[in-house]
Amino acid sequence: YVGRTDKEARDVLMSVVEHMDMEFVRHWFHEKNGIDVDGLALDQPVPEERFEVYKTNTNGSRILAYRNYALQPGITLRDLLINASSAMGHILMVGSVDKVADQMIEWFEQRACDGFSV
């Protein structure tokens, strides 16, 4: 999500998020990945043990990507569901044109990507 400013980009993302049915996304996320997020409030972190299914799920590397994202300080279930539904576990870039371009350049130069979906 790109805007003239970081705030504008966040506002665009939030305008999309406000139309999401988070309970539907919660159910979709569980069905697709086997990660049980039932019983968790949207504004609480997802406990690390919820990601243990990576050991038996054929989608294990994606689940590890979700785990790595979810375990960052301040990340909530809502954040995880937004990321999963918007970027499928990949980095979700939100910011000004310069900020997003700088992130893309950094990832490319560090060989952390093989392309971008825009």
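Let's start with a pairing you can find easily in this predicted model: the side chains of Lys 99 and Asp 6 form a salt bridge, with 3.8 Å from N to O. This pair ties together distant parts of the chain, since Lys 99 lies in helix α5 and Asp 6 in helix α1, 93 residues apart. Lys 99 is partly exposed because its relative accessibility is 36%, and Asp 6 is also partly exposed, at 27%.

Asp 6 also leads us to a strand. Ser 96 sits in β2 (residues 95-96), and its contacts beyond four places in sequence are Val 2, Gly 3, Arg 4, Thr 5 and Asp 6. With a relative accessibility of 15%, Ser 96 falls under the 20% limit and therefore counts as buried.

Arg 4, one of the residues touched by Ser 96, has a charged partner of its own: its side chain meets that of Glu 8 in a salt bridge of 2.7 Å, N to O. Arg 4 is exposed at 71% relative accessibility, while Glu 8 is partly exposed at 26%. In general, side chains of opposite charge can pair when their charged atoms come close. The model has 5 salt bridges by this rule.

Another of these bridges takes us into helix α2, where Glu 23 and Arg 26 meet at 3.1 Å, N to O. The two are 3 residues apart in α2, so about one helical turn separates them. Their surroundings are not alike: Glu 23 is partly exposed at 47% relative accessibility, whereas Arg 26 is buried at 7%.

Now look at α2 as a whole. Its 12 residues reach 16 Å from the first C-alpha to the last, close to the 16 Å expected at 1.5 Å a residue. Which residues of α2 are buried? They are Met 22, Val 25, Arg 26, Phe 29 and Asn 33. Viewed down the helix axis, these buried residues fall within an arc of 105°, so they line one face of α2. On the other side, Phe 24 and Glu 31 are exposed. The cover over the buried residues of α2 includes α3 and α4.

Helix α4 (residues 77-87) has its own buried set: Leu 77, Leu 80, Leu 81, Ile 82, Asn 83, Ala 84 and Ala 87. Their cover includes α1 (6-17), α2 (22-33) and α3 (60-70). After α4 comes Met 88, with a positive phi near 50°.

Finally, turn to the surface, where Phe 108, Phe 116 and Val 118 form a nonpolar patch with about 400 Å² of accessible area together. Val 118 belongs to the segment after α5 (97-109).

Note on methods:
Residues numbered from 1 in each chain as written. Predicted model: local features only at pLDDT ≥ 70, side-chain atom pairs only at ≥ 80, totals over all residues. Heavy atoms only, no water. Patch = residues over 30% accessible without salt bridge, like charges linked within 9 Å, V, L, I, M, F, W, Y side chains within 5 Å. Areas by Shrake-Rupley, 256 points an atom, 1.4 Å probe, with all protein chains shown as cover. Salt bridge = Lys/Arg side-chain N within 4 Å of Asp/Glu carboxyl O. Helix = DSSP H or I, 4+ residues; strand = E, 2+ residues; numbered from the N terminus. Buried < 20%, exposed > 50% of the residue type's maximum accessible area, 1.4 Å probe, protein only. Contact = heavy atoms within 4.5 Å. Expected span 1.5 Å × (residues − 1). Arc of directions from axis to C-beta.
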